[in-house]
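Biologist: Please put the model up. I want to ask how its labels are earned.

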Amino acid sequence: MTSGTSSWTPSAWTPSARELERAAYRRRRTTRSVVLAAASTSVVAVALGLALVGAPGWPRVRDSFLRWDAARDALPDVALGLWLNLRVFVVVAVAMLVIGLLVAVLRTLPGPVFWPVRALATAYVDVFRGIPLLVLLYLVGFGVPGLRLQGVPTDATVLGGVALTLSYSAYVAEVFRAGIESVHPSQRAAARSLGLTSGQALRLVVLPQAVRRVVPPLLNDLASLIKDSGLISVLGLPLDAVRYAQIWQAQLANYTPYVVAGVLFMLVTIPMTRLTDALSRRYGYLPGGGHL
Amino acid sequence: MSGPAAGPGPTAPLLHVEGLRKAFGRRRENVVLDGLDLDVAPHEVVVLIGASGSGKSTLLRCVDLLETVDDGVVELDGREITDPRIDADAVRARMGIVFQSFNLFPHLTVLDNVTLAPRRVHGLARADAEERALAMLERVGLRARAGAHPDELSGGQQQRVAIARALVNDPVLMLFDEVTSALDPELVGEVLDLLRELSGEGMTMVIATHEMGFARQAADRVCFLDGGRVLEAGPPEQVLGDPVEARTRQFLRRIIDAGRL
């Protein structure tokens, strides 16, 4: 039978003088590059800092945006608001991923039999991606309770979450669809040739590859969602981080609470990005590296 | 060589193709198969040769029901499989096809590639499926790479995994679509060796290839495809050595000029 890779014992090796010299040269170059980069970065940072601090209006801007006492006063309420953002984010994120994937799958079903399903899914994307989020929030948040239907929730958080889900799942559906369509048709053919049904081919072969490929753009939508989650405050109570910051800004006549909110959002989104990067490195294969 | 001699012998053919038509394009203007007939007896090794675009791949894909035929009949074991009322998935599960570009599943390990169909189509438990898969990987000489991902393997190794993935389902018919065309020359041998071994075991095979040396040596019958039909068919010595048709001679002349015979 055919054998696996041939194996041999590599010869004993100590780097030659030439190689040692080359390595030393590369090390010197690396050190030089690091020093240069650090120096030029510092120069630019200092220059920008000086330009900022030296600007004629800097003292006033500093007092308006960066006051420690204002930050301290606003922080508890802004953090409380962020807690709402986070709760809404988690629920809507799960809902939008599930619905988005479902709509994407429905949009990619082949054959004339599924035309109505495809048309419905396409209409869903067209409508909810087309309406501005704020308009959708008002329509759902005020319009739905206005119907006075039995059993329909009237809670602003729930309705706001529904509006967010409708809008974001439409975006996410298109991201998933792009991923599904990026998997080469030969993968589906190979799966079908083994006797897998079209559903199995989709679930076991196409979707696992598609989802891995769209993790970075999905993360974009997640980062965007965590900030937009606060928009449900336009429906009244409860208040999110930005809305609390607005209240404190009015009370203190100072913009520092907004900066506090901005920093808090960054503290959430940056680790989220790093975590996803690490996860996709761990569980991903290298797309484009393999044959399709 | 195995099985009965050239042509549909006294035994009923395992594969019977009659009047097969397939065209592509918006208005089906690109006719690839134009009423093709072909019979393959049990244990027979049929090699398809012909220029690029002569319909070798399309024929194999139609037989494996990966394409819907425009007209004509394909029968497997005397049963029409081109009938839309039959369970196409069950038919595909009885045949194996190996592609030019391997088409392994890049997100699965070698072992998971091979166990996918046994588990999901044939309902084997994971342990049983893995036992079978490892035995099959042993056969193709890649048991040691069971945990690797496809992109860690050479082309020849990937193609051998693809063959194992198809064989593990105990197919009654194996289809090979230019399985060595994407391989480096020194890796072609390991894949062709495997095909020879399969034919020695009596596997019924239809092989589309440009490897004329292999065709001459391994085929029971060589079919030259031209104009969407089998223009000439017969024992390899005759078709490759002393072809009747002018088109066949012309095709072989070009192969010889390219140094491939």
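Modeller: Note that this is a predicted model. Start where the chains meet: the contact takes 26 residues from chain A and 33 residues from chain B. On the chain A side, helices H7 (185–193) and H8 (198–213) each supply at least two residues.

Biologist: What makes up that side of chain A by class?

Modeller: It has 11 nonpolar, 13 polar and two charged residues.

Biologist: Why are H3(A) and H4(A) called oblique?

Modeller: The axes of H3 (residues 68–107) and H4 (residues 115–130) of chain A cross at roughly 135°. Roughly perpendicular covers 65 to 115, and roughly antiparallel needs over 145. The pair is therefore oblique. The axes come within 8 Å, and the crossing is left-handed.

Biologist: Which residues of H3(A) make the contact with H4(A)?

Modeller: Val103(A), Leu106(A) and Arg107(A). On H4(A), the partners include Val117(A), Ala121(A) and Tyr124(A). By class, this contact has six nonpolar, one polar and two charged residues.

Biologist: Now chain B. What makes E6 (95–98) and E10 (229–234) of chain B edge strands?

Modeller: Each pairs on one side only. The open sheet runs E6-E7-E8-E3-E9-E10 in chain B, with mixed pairing. Neighbouring strands are turned by 20° on average, direction ignored.

Biologist: How do you know that E9(B) and E10(B) pair?

Modeller: Pairing takes at least two bridges. Five bridges join E9 (residues 221–226) of chain B to E10(B), and the two run antiparallel. Asp226(B) stands opposite Arg229(B) in E10(B).

Biologist: Which strands does H6(B) lie across?

Modeller: H6 (residues 185–200) of chain B lies across E3 (45–49), E7 (173–177) and E8 (205–208) of chain B, at about 155° to E8(B).

Methods
Residues numbered from 1 in each chain as written. Chains lettered and ligands numbered in written order. Predicted model: local features only at pLDDT ≥ 70, side-chain atom pairs only at ≥ 80, totals over all residues. Axes fitted to C-alpha atoms, helices over the stretch in contact; angles between N-to-C directions. Helix = DSSP H or I, 4+ residues; strand = E, 2+ residues; numbered from the N terminus. Parallel < 35°, antiparallel > 145°, perpendicular 65-115°, else oblique. Left-handed = near helix turned anticlockwise from the far one by under 90°. Contact = placed C-beta atoms within 7 Å. Nonpolar A, V, L, I, M, F, W, Y, C, P; charged D, E, K, R; others polar.
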